[in-house]
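Here are some comments on the model, set out as numbered points. Please read them with the structure open beside you.

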Amino acid sequence: MKPALVVMAAGLGSRYGGIKQIEGVGLAGEAIVDYSVFDALRSGFGKIVFIIRREIEEDFRAFARGRFTGCDIRYVYQEVDGLPPGFSAPAGRVKPWGTAHAVLAARPEADCPFALINADDFYGRDAFRLMGEWLSGADYSAADFAMIGYRLSNTLSENGSVSRGICWAEGGFLLSVEEHTKIEKTGREEGPAIVSRRESGNIPLTGSEIVSMNMFGFTPRLFPLLEGEFRAFLETRGDSLTAEWYIPFAVNALIDRGEARMRVLPSSAAWFGVTYREDKPAVQAGI
């Protein structure tokens with residue numbers, strides 16, 4: 001069975017001001033997800049699973065209709081009330097529970113090794129090639145997972161600082177991720193070209209550091225592990241109107257307890273992302 005590509009497209013783009021998952025950025029109006037699906041199919045993927053919300057279903061299905069050929073397209077829905085038995089969303093909660101919650105929503109269709117990506121991030125052909133090769137040899141029953149590791153210099157913005165998780169690995173497996181919330185180019189000819197700005201002082205960086213951009217590879221073994229993590233999250237934060245449960249946090253908890261491993265697959269690909277509408281020209285130029 002060919003691996004699947006699971007695409008998180010449920011976000012409504014509140015900071016962006018529209019449904020950014022289907023915004024045209026290519027020369028012929030291609031959206032970022034067009035490039036992702038194209039590169040995935042060239043890299044041996046078979047099924048594409050879109051995680052969406054009911055609010056954008058009509059627009060997204062109209063966008064996708066007749067667009068993706070040569071593969072099996074499926075849809076699953078991430079909704080605020082998609083909770084385990086015994087739990088219910090608090091009154092007034094309108095937003096789903098984060099990216100790890102989105103992954104659980106894909107369980108009915110992700111019955112094989114799969115890659116997980118964001119719909120509005122451009123990951124590059126090399127990243128899909130590496131992930132496709134790894135997933136093709138993955139053990140369905142093992143909690144051995146993978147992530148694409150990008151060179152920090154290939155993920156920076158010309159328009160300001162970025163937040164990145166710098167990864168530390170040993171023997172090819174992830175040990176820990178250190179969050180840096182304000183990394184930027186200095187524009188200097190002398191001294192460090194890239195720094196992480198902190199109140200305690202700037203930390204010089206080389207640009208060769210490995211960072212995660214949330215492109216992961218999983219097997220179906222992930223789902224029962226995630227279910228336990230989600231219950232634990234809901235027991236402590238389930239009454240919140242805004243708390244979110246993110247896939248890196250869930251996976252890190254599993255790694256810390258020795259219940260899973262995450263292999264780091266270094267890639268030379270360049271990453272582009274769209275968070276704000278002002279990012280669009282830079283992404284268009286990069287593509």
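1. Start with Ile51, which sits in strand β2, residues 47-52. This is a predicted model, and in it Ile51 has a relative accessible area of 0%, so the residue counts as buried. Sequence distance is a poor guide here: Ala9 is 42 residues from Ile51 along the chain, yet their C-alpha atoms are 5.4 Å apart.

2. What surrounds Ile51? Apart from neighbours within four places in sequence, Ile51 is in contact with Val6, Val7, Met8, Ala9 and Ala10. Its other contacts are Val76, Gln78, Ala102, Val103 and Ala106.

3. Strand β2 comes up again with helix α2, residues 57-64, whose buried residues are Glu57, Phe60, Phe63 and Ala64. Viewed down the axis of α2, these residues fall within an arc of 130°, so they line one face of the helix. The general background is that an α-helix has 3.6 residues a turn, so residues three or four places apart point the same way. The cover over the buried residues of α2 includes α1 (32-42), β2 and β3 (72-77).

4. Asp59 also belongs to helix α2. Is Asp59 buried or partly exposed? Its relative accessibility is 42%, so Asp59 counts as partly exposed. Val177 is 118 residues from Asp59 in sequence, and the two C-alpha atoms are 36 Å apart in space. After α2 comes Gly66, with a positive phi near 75°.

5. A positive phi also turns up at Asn214, where the value is near 65° and the residue is not glycine. This deserves a second look because most residues other than glycine have a negative phi. Asn214 lies in strand β11. With 27% relative accessibility, Asn214 counts as partly exposed.

6. Next, look at helix α4, residues 125-136. Its 12 residues reach 16 Å from the first C-alpha to the last, close to the 16 Å expected at 1.5 Å a residue. Its buried residues are Asp126, Ala127, Phe128, Leu130, Met131, Gly132, Trp134 and Leu135. They pack against one helix, α1, and against the strands β1 (4-8), β4, β6, β11 and β12 (261-267).

7. Cys112 is in the loop between α3 and β4. Although it is in a loop, Cys112 counts as buried because its relative accessibility is 1%. Which residues does Cys112 touch, not counting those up to four places away in sequence? They are Met1, Lys2, Pro3, Ala4, Tyr140 and Pro220. Gly160, by contrast, is 48 residues from Cys112 along the chain, and their C-alpha atoms are separated by 39 Å.

8. Helix α5 can be checked for length in the way used for α4. At 1.5 Å a residue, its 16 residues should span 22 Å, and the end C-alpha atoms are indeed 22 Å apart, which agrees. The buried residues of α5 are Leu222, Phe223, Leu225, Leu226, Glu229, Phe230, Phe233 and Leu234. Seen down the axis of α5, they fall within an arc of 170°, so they line one face of the helix. They pack against the helices α3 (99-105) and α6, and against the strands β4 (114-118), β6 (144-151) and β11 (210-218).

9. How do α5 and α6 cross? In general, two packed helices are described by the angle between their axes and the distance between the axes. The axes of α5 (residues 222-237) and α6 (residues 247-256) come within 10 Å and cross at roughly 100°. This makes α5 roughly perpendicular to α6, because the angle lies in the range from 65 to 115 degrees.

10. The contact itself can be listed by side. From α5 come Leu222, Leu225, Leu226 and Glu229; from α6 come Ile247, Ala250, Ala253 and Leu254. Sorted by class, the contact of α5 with α6 has 7 nonpolar residues, no polar residues and 1 charged residue.

11. Last, the loop between α5 and α6 contains Ser240. At 14% relative accessibility, Ser240 counts as buried, because the cut-off for buried is under 20%. Leaving out residues up to four places away in sequence, Ser240 touches Pro90, Arg93 and Trp97.

Methods. Residues are numbered from 1 along each chain as its sequence is written. This is a predicted model: local features need pLDDT of at least 70, side-chain atom pairs count only at pLDDT 80 or more; totals for chains, interfaces and linings use all residues. Side-chain values use heavy atoms; hydrogens and water are left out. Axes are lines fitted to C-alpha atoms, for helices over the stretch in contact, and angles run from 0 to 180 degrees between N-to-C directions. Helices (H or I, at least four residues) and strands (E, at least two) are DSSP runs, numbered from the N terminus. Angles under 35 degrees count as roughly parallel, over 145 as roughly antiparallel, 65 to 115 as roughly perpendicular and the rest as oblique. Contact means heavy atoms within 4.5 Å. Ala, Val, Leu, Ile, Met, Phe, Trp, Tyr, Cys and Pro count as nonpolar, Asp, Glu, Lys and Arg as charged, and the others, Gly among them, as polar. The expected span of a helix is 1.5 Å times one less than its number of residues. Buried means under 20% relative accessible area, exposed over 50%, partly exposed in between (1.4 Å probe, protein chains only). The arc is that of the directions from the helix axis to the C-beta atoms.
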